[in-house]
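Work through the exercises below with the sequence and the model side by side. Each task is followed by a worked solution.

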Amino acid sequence: MRLSASMNMNDLQDAGKDPGILLLHGYPFNRSMWREQVDFFSAQGYRVVAPDLRGFGERVPQTSVSESDEPDHRLRSVPLTTMADMASDVAALMDELRIGQAVICGLSMGGYVAFEFAHLFPARVSALVLAGTRAPADNEQEKQARFQQVELMLANGMTGIAEASLPKLLSSRTLAEEPEVVARVREMILRAAPEGAAAAQRGMAARRDYSDDLPNIKAPALVIVGREDPIRPVADAEFMHRALSGSALVIIEDAAHMTNMEQPEVFNRALQEFLRSFH
């Protein structure tokens, strides 16, 4: 199978050998957020693949335009990238790379894609890692907030969104003491194409509730959350941990939403210990 139009070999990092770990980035970021994980786990002998998801990275192809039920008619012409679209892209990528099964690790939006992947392709999931994400769908207030952000980014670009998001994405310690991390996160947001980000934002608003999926996931699972995450707080992680049979839960101190970038050594150690528990 050839890769879909939304992803090609220039849209990913692929390092190391099997067994495979597939890293799915958050919103509105790109594969570069996983730099420390690609370097660490490929050095440990794992094959680590970090793609740019549909609409993100250097190439920004769009998916289908979908009429919507949103009351604001201005949003009806905005393309919609669903989490299932992205999950199907990931499956096509694995086919192209001849990866039958992999550890699927998603952060934030990447976690929603991981849920859809586990639902659509359960036999291809050797383990599931959910970081800074949650199972329930958006409520109406959260959907409206996403639609408002779509309007803002299409009208004004990503600068305002970057500055408003940084205090939520990063812990107080990171903001004060890790200027390089702050700069990397800001740059990823600023480099995101508004059209691709808007399509994904609409897709996240439209995502289904994954709560009922949790008891049916049979693969080993690890849930990771930052102690200071205001976007997807510890309570969201604990909910998933309780519902995922036999799962592990790791709460990372001095980190907010971007746990893998704020505390890469802690994140990598937690993931490494989890992998060793079943490999």
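**Exercise 1: Aromatic contacts**

Phe40, Phe41 and Tyr46 make up one aromatic cluster. Rings of Phe, Tyr and Trp (its six-membered ring) pair if their centres lie within 6.5 Å; planes under 30 degrees apart count as stacked, over 60 as edge-to-face and the rest as tilted. The model is predicted: local features need pLDDT of at least 70, side-chain atom pairs count only at pLDDT 80 or more, and totals for chains, interfaces and linings use all residues. Residues are numbered from 1 along each chain as its sequence is written, and side-chain values use heavy atoms, with hydrogens and water left out.

Task: Classify the ring pair Trp34 and Phe267, and place both residues in the chain.

Solution.
- Step 1. Searching the whole structure gives seven aromatic pairs.
- Step 2. The ring centres of Trp34 and Phe267 are 6.2 Å apart and the planes are at 50°, so this pair is tilted.
- Step 3. Trp34 sits in the loop between E2 and H1, and Phe267 in helix H11 (residues 264-278). The two are 233 residues apart, so the pair links distant parts of the chain. Helices (H or I, at least four residues) and strands (E, at least two) are DSSP runs, numbered from the N terminus.
- Step 4. Trp34 is buried at 0% relative accessibility. Phe267 is also buried, at 0%. Buried means under 20% relative accessible area, exposed over 50%, partly exposed in between (1.4 Å probe, protein chains only).

Task: Do the same for Phe115 and Tyr210.

Solution.
- Step 1. Phe115 and Tyr210 are stacked, at 4.9 Å centre to centre with 25° between the planes.
- Step 2. Phe115 belongs to helix H3 and Tyr210 to the loop between H8 and strand E6 (221-226), so the pair ties together parts 95 residues apart in sequence.
- Step 3. Phe115 is buried, at 1% relative accessible area. Tyr210 is buried at 0%.

**Exercise 2: Strands and crossovers**

Task: Trace the pairing of E2, E3, E4 and E5.

Solution.
- Step 1. Strand E2 (residues 20-24) pairs with E3 in the parallel sense, over three bridges. Two strands pair if DSSP finds at least two bridges between them. Ile21 is opposite Val48 in E3.
- Step 2. E2 and E4 run parallel and are joined by four bridges. Leu23 has Cys105 of E4 as its bridge partner.
- Step 3. E4 and strand E5 (residues 125-131) run parallel too, with six bridges. Here Val103 is opposite Ala127 in E5.
- Step 4. From E4 the chain crosses through H3 to E5 in a right-handed β-α-β crossover. A crossover is right-handed if, with the strands pointing away from the viewer, the path from the first strand over the helix to the second runs clockwise.
- Step 5. E2, helix H1 (residues 35-43) and E3 also form a right-handed β-α-β unit.

Task: Why is strand E3 called largely enclosed?

Solution.
- Step 1. Five of the five residues of E3 (residues 47-51) are buried, so the rest of the structure largely encloses this strand.
- Step 2. Check both faces. Arg47, Val49 and Pro51 on one side are buried, as are Val48 and Ala50 on the other.
- Step 3. Turn to strand E4 (residues 102-107). Six of its six residues are buried, so E4 is largely enclosed as well.

**Exercise 3: Backbone outliers**

Task: Find the cis peptide bond and the residues Arg98 and Asp254 with positive phi.

Solution.
- Step 1. The bond from Tyr27 to Pro28 is cis, with omega near -5°. Pro28 lies in the loop between E2 and H1.
- Step 2. Arg98 is not a glycine, yet its phi is positive, about 60°. Its place is the loop between helix H2 (83-96) and E4. At 78% relative accessibility, Arg98 is exposed.
- Step 3. Asp254, also a residue other than glycine, has a positive phi near 55°. Asp254 is in the loop between strand E7 (248-252) and helix H10 (259-262). At 35% relative accessibility, Asp254 is partly exposed.
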